[in-house]
Amino acid sequence: MNFQGRYDDPMTLTRIPSSDQLFLLNFIMSTYLGPDVYSDNPRRSASQRLAEGLPPYTSKNLGASFISISQLESLYYYVLRRAHPALVLEPNMLHSYLEGNLPLPSLELLEYCRQFTSFFPLNIHEHKRYSINNEVIKGIVLIDDPVTSHMKEDAERFKSISGVANLKIDKIRSLSYEHGYQKRKKDHEQNSMKNSEETISGSVSNGNGYTSAKFQENNRKMQHLNSMPISLSPPVTSMITHVSEGAFKRTCKRDGPALMPLIIVPSMDQYFSDSSIILNGTAKKGIAGPPIGVLDIGVSKVAYFFRVALPGVRKDYCMILSLSLSFGAKT
């Protein structure tokens, strides 16, 4: 496990956190997070399970919940948004803590020897990387209104030094909070990209000006592409490129072939048109997980067709699922 491509300040890795910094860090991770154990109803935080002496669990006892490293980062800085800056760790130190590699002070108290992997062991909570900046930890749930009756003194200490009056948090805001380090990183990346573009643009030989104009047009398209929302489903490459109108047929043979009219993959000009789909409202606030399966959407003059393939699910063409839409968004 190695968090790459995030923040470039190796000097922070050599620092040793203070006792207050470790206390805040362990309190947040053990109080606002808990294992997604089937038998825990309702789900309990890691600290609550330890206090109640609940039996240990394995990865087979966990549900499908997960949380990403970026969400853990947002949670930490959201909860400590009112704390004194000297009490808040920098991102690289936070990542070392999540890996279980944060240098600890030479204190004998158990509370100062714990790290994230003490509450959520690596052999039970798998770390899965989907891209260089997208890593999730399986089997963990967020506790937005934690129970603190078993740790009243720690709860009062946490409120005192963190500036938090109420331990209840907002689920959406806490997992999508944009802290100062993220903003500075984005500004740095934008400035670096701008300087790089200016250097490349100035070095392009444009003769009659055509090459430079083409380069700038392609660059604008790439910027537009990077600014578009991330798709909630993986890209689909259809094996059927064209089916003539009226050619749709369905068979009730379980493993037999079936044809479905599918939309044609749009050209680059169509992709950058104003008709691109952009999420808004409550859909925009949703937290998307890792894409699973494949989805095809087709259209005809009188109907829409949907085809979904999920891993481990056998095809059954005899099963009919219908959905009727009427005016007023009623289904």
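Here are some friendly notes on this predicted model, taken point by point.

1. Let me start with the overall picture. The protein chain holds 11 helices and seven strands. Of its 331 residues, 31% are buried. Contacts reach well along the chain too: among those between residues at least 6 apart in sequence, 69% join residues at least 24 apart.

2. A good place to begin looking is the three-stranded sheet. This sheet is open, its strands come in the order β2-β4-β3, and the pairing is antiparallel. The edges are formed by β2 (66-68) and β3 (127-131), each of which pairs on one side only. On average, neighbouring strands of the sheet are turned by 25° against each other, with direction ignored.

3. Now for the pairings inside that sheet. Strand β4 (residues 134-138) pairs with β3 in the antiparallel sense over four bridges, and Lys 128 stands opposite Val 136 in β4. The link between these two strands is a hairpin, with two residues between β3 and β4. On the other side, β2 and β4 also run antiparallel and are joined by three bridges; here Ile 67 stands opposite Ile 137 in β4. If you want to trace the side chains from these pairs, keep in mind that in a regular strand they alternate between the two faces of the sheet.

4. What lies across β2 and β4? Helix α3 (residues 69-79) does, running at about 75° to β2. This helix is worth following further, as the next points return to it.

5. Consider α3 with helix α4 (residues 91-99). The axes of the two come within 11 Å and cross at roughly 120°. The angle lies outside the 65 to 115 degrees that count as roughly perpendicular and is not over 145, and α3 and α4 are therefore oblique to each other. Their crossing is right-handed. From α3, the residues involved are Ile 69, Leu 72, Glu 73, Tyr 76 and Tyr 77, and they meet Pro 91, Leu 94, His 95 and Leu 98 in α4. By class, this contact has seven nonpolar residues, one polar and one charged.

6. The α3 pattern can be read against a simple rule. An α-helix has 3.6 residues a turn, so residues three or four places apart point the same way. With that in mind, have a look at Ile 69, Leu 72, Glu 73, Tyr 76 and Tyr 77 on the α3 side of the contact.

7. Is α4 mostly covered or mostly open? The helix is mostly covered, with nine of its nine residues buried. The buried residues are Pro 91, Asn 92, Met 93, Leu 94, His 95, Ser 96, Tyr 97, Leu 98 and Glu 99. Do note that polar and charged side chains, including Asn 92, His 95, Ser 96 and Glu 99, are in that buried list. After α4 comes Gly 100, whose phi is positive, near 85°.

8. Helix α3 has another helical partner in α1 (residues 19-31). The axes of α1 and α3 come within 11 Å and cross at roughly 120°, and α1 and α3 are therefore oblique to each other. The crossing of α1 past α3 is right-handed. On the α1 side, Leu 25, Ile 28 and Met 29 meet Leu 72, Leu 75, Tyr 76 and Val 79 in α3. This contact has seven nonpolar residues, with no polar and no charged ones.

9. Taking the two helix contacts together, Leu 72 and Tyr 76 of α3 appear in both: they meet residues of α4 and residues of α1. I would display these two side chains when viewing the region.

10. Elsewhere in the chain there is another strand pair. Strands β6 (residues 294-299) and β7 (residues 304-309) run antiparallel and are joined by six bridges. Gly 298 stands opposite Phe 305 in β7. The connection from β6 to β7 is a hairpin through four residues.

11. One backbone detail deserves a glance. Which residues does a cis peptide bond join? The bond lies between Asn 41 and Pro 42, with omega about 5°. Pro 42 sits in the loop between β1 (33-35) and α2 (46-52).

Definitions and conventions: Residues numbered from 1 in each chain as written. Predicted model: local features only at pLDDT ≥ 70, side-chain atom pairs only at ≥ 80, totals over all residues. Heavy atoms only, no water. Pairing = 2+ DSSP bridges. Axes fitted to C-alpha atoms, helices over the stretch in contact; angles between N-to-C directions. Contact = heavy atoms within 4.5 Å. Parallel < 35°, antiparallel > 145°, perpendicular 65-115°, else oblique. Left-handed = near helix turned anticlockwise from the far one by under 90°. Buried < 20%, exposed > 50% of the residue type's maximum accessible area, 1.4 Å probe, protein only.
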